[in-house]
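Here are some friendly notes to read alongside the structure. Take the points in order, and keep the 3D view open so that you can find each residue as it comes up.

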Amino acid sequence: MSTKRVFNFSAGPSVLPLTVLEQAAAEMTNYRGSGMSVMEMSHRSKVYLDIFEEVKADLKRIMSVPDTHEVLFMHGGATFQFSAVPMNLIGKTGKADYAITGNFSNLAAKESKKYGQVNIACDSADRNHTYIPEQSDLKLDPDASYFHYCSNNTIYGTEWKYVPQTNNVPLVCDMSSNILSVPVDVSKYGLIYAGVQKNMAPAGAAVVIIDKSLAGNEHPLTPKLMSYQVMIDGDSMHNTPPCYTIYMLGLVLKWLDSQGGIAGMEKIKAAKAKILYDVLDESKMFIGCAEKEARSDMNVTFKTDSEELDNKFVKAATGAGFENLKGHRAVGGMRASIYNAMPTEGVLELADFMRKFESQN
Ligand SMILES: *Cc1c(COP(=O)(O)O)cnc(C)c1O
């Protein structure tokens with residue numbers, strides 16, 4: 001048993017800001033004089049609706065969501081959206097474009113094939129998803145109902161550095177692992193979704209930001225709770241929403257404000273990522289898995305030239321208070337997920353630890 005908090009580099013669910021956890025703890029049994037926990041409240045009560053409206057308004061403000069778009073809170077995580085997106089949107093022309101740059105975009109493309117004709121606009125599997133294809137590499141179908149991509153590849157540690165240009169084909173993006181870390185021009189997107197457990201909140205919801213004009217044309221067999229129109233009409237409360245997760249998201253958004261919002265976070269996260277990438281670039285032992293131009297600022301993937309040494313590193317790191325550094329089996333090696341809530345101190349200490357480990361091995 002340890003009384004000290006570790007540095008948690010988990011890919012998700014992942015670290016939350018300590019002040020957020022402390023505030024949630026302080027409000028746990030009696031939320032601001034209501035006499036009850038947020039967990040115990042009716043989602044139709046005034047006290048909860050006030051929380052809900054504030055979270056939604058804060059997210060709209062922080063992401064500069066235009067009035068053409070609606071913010072939804074949905075069950076089922078990001079994977080639920082792999083099905084919801086095609087069920088709602090592919091019917092327009094019966095076709096959709098998918099860019100495959102990693103595990104999750106591949107799963108999204110596979111799922112969408114149940115509902116229509118899927119064109120693979122690009123696939124980085126030829127180099128084990130170590131890079132992001134360029135605009136000129138994208139094979140676009142002008143007749144696609146939408147173009148789907150994943151802006152940050154959590155497992156492989158790559159990140160799109162540009163917004164794909166698709167003419168008038170609506171952009172749909174899985175931003176689960178880098179939402180709120182970089183400014184996004186929401187007006188460019190038909191739909192953005194993110195499972196909240198990476199950069200937003202504890203698990204239990206997905207945030208969806210949808211251009212309202214795209215909703216209402218879903219396949220007739222679309223389950224009610226998957227219909228964006230039903231969710232828009234019911235203000236995400238067609239049934240009981242993930243109330244507590246939404247409340248936690250609200251606390252995280254207030255914390256984000258205290259960090260200078262997304263503009264502030266963009267600087268902080270870039271500086272944190274540079275600390276680790278500098279170690280990799282100077283190292284004779286550690287090798288970055290992703291190509292330099294495609295490196296993710298959220299998930300830093302690296303390895304040594306020996307699996308045995310990788311294991312030794314992970315074990316030693318765990319012993320020193322750096323948790324969850326083992327890489328995903330698809331890549332091997334190590335992965336340090338350094339989401340918004342990972343303190344710079346944790347990254348600095350990990351960098352020191354890596355340098356020491358190299359000098360001693
Ligand atoms: C984690 C993750 C998912 C899967 O999220 P769930 O909420 O578990 O369904 C999908 N896409 C990306 C980019 C992720 O990082």
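1. Let's begin with the largest pocket. The residues lining the largest pocket fall into 12 nonpolar, 5 polar and 5 charged. Please keep in mind that you are looking at a predicted model.

2. How many residues line the largest pocket, and which lie nearest its centre? The lining has 22 residues, and those nearest the centre are Phe7, Leu18, Ala341, Met342 and Pro343. The volume of the largest pocket is about 360 Å³. To find the lining in your viewer, look for strand E1 (7-8) and helices H1 (18-26), H7 (261-282) and H9 (344-360), each of which gives at least two residues to it.

3. Now turn to the second largest pocket, which holds about 280 Å³ of space. It is lined by 17 residues, and Trp160, Lys161, Val163, Val182 and Pro183 are the closest to its centre. Sorted by class, the lining of the second largest pocket contains 9 nonpolar, 2 polar and 6 charged residues.

4. Next, the domains. The domain assignment splits the protein chain into domain 1 (21-258) and domain 2 (262-360). Taken over C-alpha atoms, the centres of domain 1 and domain 2 are 27 Å apart. The contact involves 26 residues of domain 1 and 23 residues of domain 2.

5. How is an interface like this described? The size of an interface is often given as the accessible area lost when the parts come together. Between domain 1 and domain 2, the buried area is about 2,000 Å², with 54% of it coming from carbon and sulfur atoms. On the domain 1 side, the residues that lose the most area to domain 2 are Ile155, Gly157 and Ser181, which together make up 23% of what that side buries.

6. What is the count of salt bridges between domain 1 and domain 2? The count is 1 salt bridge. When you look at charged pairs in your viewer, try Arg127 and Glu291, which form a salt bridge whose closest N and O atoms are 3.1 Å apart.

7. Over the whole structure, a search finds 18 salt bridges. One of the pairs to look at is Lys274 with Asp278, where the closest N and O atoms of the salt bridge are 2.8 Å apart. Where do these two residues sit along the chain? Lys274 and Asp278 are separated by about one helical turn, because they are 4 residues apart in helix H7.

8. Two spots in the backbone deserve a look. The peptide bond that runs from Gly12 to Pro13 is cis, and its omega is near -10°. You will find Pro13 in the loop between E1 and H1. The other spot is Asn128, which is not a glycine and yet has a positive phi of about 45°. Asn128 is placed in the loop between strand E4 (117-123) and strand E5 (147-150).

9. What about enclosed space? Rolling a probe the size of a water molecule over the atoms shows where empty space is left. Across the whole structure, 2 cavities of 30 Å³ or more are found. The largest cavity has a volume of about 50 Å³, and the second largest cavity has a volume of about 30 Å³.

10. Which domains supply the lining of the largest cavity? Domain 1 (21-258) and domain 2 (262-360) each contribute at least three residues to it. Among the residues lining the largest cavity are Lys198, Asn199, Met200, Val252, Trp255, Tyr339, Asn340 and Ala341. By class, the lining of the largest cavity has 8 nonpolar, 2 polar and 1 charged. Ala341 also appeared in point 2, where it was listed with the residues nearest the centre of the largest pocket.

11. Finally, visit the second largest cavity. Its lining consists of Gly102, Asn103, Phe104, Cys150, Asn153, Thr154, Ile155 and Tyr156. These residues of the second largest cavity divide into 4 nonpolar and 4 polar, with no charged residue. You have met Ile155 before: in domain 1, Ile155 is one of the residues that lose the most area to domain 2.

Technical notes: Residues are numbered from 1 along each chain as its sequence is written. This is a predicted model: local features need pLDDT of at least 70, side-chain atom pairs count only at pLDDT 80 or more; totals for chains, interfaces and linings use all residues. Side-chain values use heavy atoms; hydrogens and water are left out. On a 1 Å grid over the protein atoms alone, a cavity is a set of points where a 1.4 Å probe fits but cannot get out, and a pocket is an open set with protein on both sides within 12 Å along at least five of seven lines; lining residues have an atom within 4 Å of a point. Grid points are joined across faces, edges and corners, and a volume is the space filled by probe spheres set on the points. Ala, Val, Leu, Ile, Met, Phe, Trp, Tyr, Cys and Pro count as nonpolar, Asp, Glu, Lys and Arg as charged, and the others, Gly among them, as polar. Domain bounds come from an automatic or database domain assignment. Contact means heavy atoms within 4.5 Å. Buried area is the accessible area (1.4 Å probe) that two parts lose on being put together, summed over both. A salt bridge is a side-chain nitrogen of Lys or Arg within 4 Å of a carboxyl oxygen of Asp or Glu.
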